[in-house]
Amino acid sequence: MEENMIEIDKALCDGCGLCVTVCPTGTLSLMEGKAAVSGEESIFCGHCEAICPRKAVRVTAIDEEMSRYKTFITEKQWLPPGKYSTSGLVQLMASRRSCRCFSGRPIDRTMLEDLVKIGITAPSGTNSQAWTFTILPTRKAVISLAEQIASYFGRLNTAAEKTLLRLFLKLTGKGELDAYYHGYYRKVKEALEEWHGSGRDRLFHGSTAAILVGSKPGASCPVEDALLATQNILLAAHSMGLGSCLIGYAVAAMKKEPSIRQAVGIPPEEEIHAVIALGYSDEVYQRTAGRRKVTPRYFEGQQP
Ligand SMILES: Cc1cc2nc3c(=O)[nH]c(=O)nc-3n(C[C@H](O)[C@H](O)[C@H](O)COP(=O)(O)O)c2cc1C
């Protein structure tokens, strides 16, 4: 562990041991009645700092700037379990809808930057926080990504039109192109015709910004981390007055085509896991919509 990444003010520490109790890695212990850094395995989760009643612990690896927002004020006070309105939370979750009709109104960059900060309040495997965020702040930027993606799908459709190629690949155990042909080819063809004809944007739905969520190498759970941050962003966007839509087509193209990632400034070693279209929504709903039935199963433990 890098030196001084966790600082303990011995004058303030009264040796209560709370930081030792909550440390998930056994990094802290009590020595001569005071908290001390004795382990090497810190994941810098900040539990020790957050629990200390005397503000004696500081995790210097944590960047305070990441918890300062420009577009709203929030409390630093920790909310104990049960101290938030479940009803309000569920209404927010159910009210978030995938927006497919954005107005042309641009989004202030400070909102986009705040959304990234809200994204990273999500948990991450071993607190690796190896996520990455690429902000496309304008409609112009979204259109240039859309053009790259349209060109990728144009090439894919040309390949998918070749019946013999599809069948050959399928026979050699690579059924992807054939599955694409049957599942998506026609829809994509129509969307591309509209994009090149009338300019209708069936990919990003006219969004005026986007956030691409990815990962750097070295995370234990890169996909999960990125998607948890993504869900935070979707919910926060709704609460901040923005519409959002995940664009799976863009993720598929960016995963397959390194040149598209490169074109938006993403380094070669990074992966992309979510593309979030953002903008002001032109859609007005009368009520929330439900979901199909799901029945959880129970497991009560093995019979003795
Ligand atoms: C991984 C993923 C990829 C998606 N990709 C697209 C997409 O490319 N285009 C689109 O319009 N919607 C896309 N969606 C939105 C879904 O269609 C939408 O979440 C679903 O219909 C439920 O509606 P809701 O988000 O309004 O609750 C995607 C959603 C997810 C979770």
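Q: Hi! Before we look around, what counts as a salt bridge?
A: A salt bridge is a side-chain nitrogen of Lys or Arg within 4 Å of a carboxyl oxygen of Asp or Glu. Keep in mind that this model is predicted.

Q: Got it. So how far apart are the closest N and O atoms of Arg 58 and Glu 7?
A: They are 3.8 Å apart, and the two residues form a salt bridge. Arg 58 sits in strand β4 and Glu 7 in strand β1, so the pair ties together parts that are 51 residues apart in sequence.

Q: Are those two buried, partly exposed or exposed?
A: Arg 58 is partly exposed, at 41% relative accessibility. Glu 7 is partly exposed too, with a relative accessible area of 36%.

Q: How many salt bridges turn up in the whole structure?
A: A search finds 13. Among them is the one between Lys 256 and Glu 176, whose closest N and O atoms are 3.3 Å apart. Lys 256 belongs to helix α9 and Glu 176 to helix α7, so this pair joins parts 80 residues apart in sequence.

Q: And how exposed is each of those?
A: Lys 256 counts as partly exposed at 48% relative accessibility, while Glu 176 is exposed with a relative accessible area of 57%.

Q: Which residues are linked in a network of salt bridges?
A: Glu 190, Glu 194, Arg 200 and Arg 202 are.

Q: Switching to helices now. How do people describe two packed ones?
A: They give the angle between the axes and the distance between the axes.

Q: Okay, what are those values for α6 and α7?
A: Helix α6 (residues 163-171) and helix α7 (residues 176-197) pack at about 130°, with axes 7 Å apart. That makes α6 oblique to α7.

Q: Which residues meet there?
A: On the α6 side you have Leu 165, Arg 166, Leu 169 and Lys 170, and on the α7 side Leu 177, Asp 178 and Tyr 181. By type, four are nonpolar, none is polar and three are charged.

Q: What about α5 and α7, how do their axes cross?
A: The axes of α5 (residues 139-160) and α7 come within 9 Å and cross at roughly 130°, and the two helices are therefore oblique to each other.

Q: Is that crossing left-handed or right-handed?
A: The crossing of α5 and α7 is left-handed.

Q: Which residues make that contact?
A: In α5 they include Ile 143, Ala 146 and Phe 153, which belong to a group meeting α7 residues including Tyr 185, Val 188 and Trp 195. The residues of this contact divide into 14 nonpolar, two polar and two charged.

Conventions:
Residues numbered from 1 in each chain as written. Predicted model: local features only at pLDDT ≥ 70, side-chain atom pairs only at ≥ 80, totals over all residues. Heavy atoms only, no water. Axes fitted to C-alpha atoms, helices over the stretch in contact; angles between N-to-C directions. Helix = DSSP H or I, 4+ residues; strand = E, 2+ residues; numbered from the N terminus. Parallel < 35°, antiparallel > 145°, perpendicular 65-115°, else oblique. Contact = heavy atoms within 4.5 Å. Nonpolar A, V, L, I, M, F, W, Y, C, P; charged D, E, K, R; others polar. Left-handed = near helix turned anticlockwise from the far one by under 90°. Buried < 20%, exposed > 50% of the residue type's maximum accessible area, 1.4 Å probe, protein only.
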